[in-house]
Amino acid sequence: TIKDFESTAQGVNFMVSTTEFFVPLAINIEEERVKIIGEIERFTKFLNGVEKKLSNEKFVNSAPAEVVELERKKKNDATEKLKSLNETLQRLK
């Protein structure tokens, strides 16, 4: 129950039927920053690999259109994810 948590704990409480739940939302900002930086590095490497494929004319001209389109989608998705991760990182400063 909620009374089992510190009264200063940050979180969200909600009820399901007649049972009340509490979800603590405290985070360690430095740990989150380290995780996000790791994700940024991983997605940057991934994006570089995709961009390398797409900049290879031989690949683009000889691969099936759906494969090239999939790589373009991967590029867009990774770009959006990196944008989101960088925005989150900025908010944690």
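Student: Where is Glu71 found, and why is Glu71 called buried?

Tutor: Glu71 is found in helix 3. Helices here are DSSP runs of H or I with at least four residues, strands are runs of E with at least two, and both are numbered from the N terminus. The relative accessible area of Glu71 is 5%. Buried means under 20%, exposed means over 50%, and partly exposed lies in between, with a 1.4 Å probe and protein chains only. Glu71 is therefore on the buried side of that cut-off, at 5%.

Student: Before we go on, what kind of model is this?

Tutor: It is a predicted model, where local features need pLDDT of at least 70 and side-chain atom pairs count only at pLDDT 80 or more, while totals for chains, interfaces and linings use all residues. Residues are numbered from 1 along each chain as its sequence is written, and side-chain values use heavy atoms, with hydrogens and water left out.

Student: Which residues is Glu71 in contact with, leaving aside its neighbours within four places in sequence?

Tutor: They are Val50, Lys53, Leu54 and Phe59. Contact means heavy atoms within 4.5 Å. Glu71 is also part of a network, together with Lys53 and Lys74, that is joined by salt bridges sharing partners.

Student: What makes Glu30 and Arg33 a salt bridge?

Tutor: A salt bridge needs a side-chain nitrogen of Lys or Arg within 4 Å of a carboxyl oxygen of Asp or Glu. For Glu30 and Arg33, the closest N and O atoms are 3.9 Å apart, so the pair passes that test. Both residues lie in helix 1, three residues apart, about one turn of the helix.

Student: Why does Arg33 count as buried?

Tutor: Arg33 has 19% relative accessibility, so Arg33 falls under the limit for buried. Leaving aside its neighbours within four places in sequence, Arg33 touches Leu89, Leu92 and Lys93.

Student: How do you know that Lys35 and Glu32 form a salt bridge?

Tutor: Their closest N and O atoms are 3.5 Å apart, so this pair, too, meets the distance rule. Lys35 and Glu32 are three residues apart in helix 1, and are therefore separated by about one helical turn. What the two show in accessibility differs by class: Lys35, at 51%, counts as exposed, whereas Glu32, at 24%, is partly exposed.

Student: And what makes Arg42 and Glu39 meet the rule for a salt bridge?

Tutor: Here the N to O distance is 3.1 Å, so the rule is met. Arg42 and Glu39 are both in helix 1, three residues apart, about one turn of the helix. Arg42 has 48% relative accessibility and counts as partly exposed; Glu39, at 28%, is partly exposed as well. In total, the structure holds six salt bridges.

Student: Why are helix 1 and helix 3 called roughly antiparallel?

Tutor: Helix 1 (residues 29-55) and helix 3 (residues 65-91) pack at an angle of about 155°, with axes 9 Å apart. The axes are lines fitted to C-alpha atoms over the stretch in contact, and angles run from 0 to 180 degrees between N-to-C directions. Under 35 degrees counts as roughly parallel, over 145 as roughly antiparallel, 65 to 115 as roughly perpendicular, and the rest as oblique. The two helices are therefore roughly antiparallel to each other.

Student: Which residues make up the contact of helix 1 with helix 3, divided into nonpolar, polar and charged?

Tutor: They come to 13 nonpolar, four polar and nine charged. Ala, Val, Leu, Ile, Met, Phe, Trp, Tyr, Cys and Pro count as nonpolar, Asp, Glu, Lys and Arg as charged, and the others, Gly among them, as polar.

Student: Why is Lys83 called partly exposed?

Tutor: Lys83, which lies in helix 3, has a relative accessible area of 47%, so Lys83 belongs to the partly exposed class. The C-alpha atoms of Lys83 and Ile40 are 9.2 Å apart, although their positions lie 43 residues apart along the chain as counted by sequence separation. For Arg42 and Leu82, 40 residues apart along the chain, the C-alpha separation is 9.7 Å.

Student: What does the secondary structure of the protein come to?

Tutor: It comes to three helices and two strands, which follow the pattern β-β-α-α-α along the sequence. Buried residues make up 18% of the 93 residues. Among contacts between residues at least 6 apart in sequence, 43% join residues at least 24 apart.
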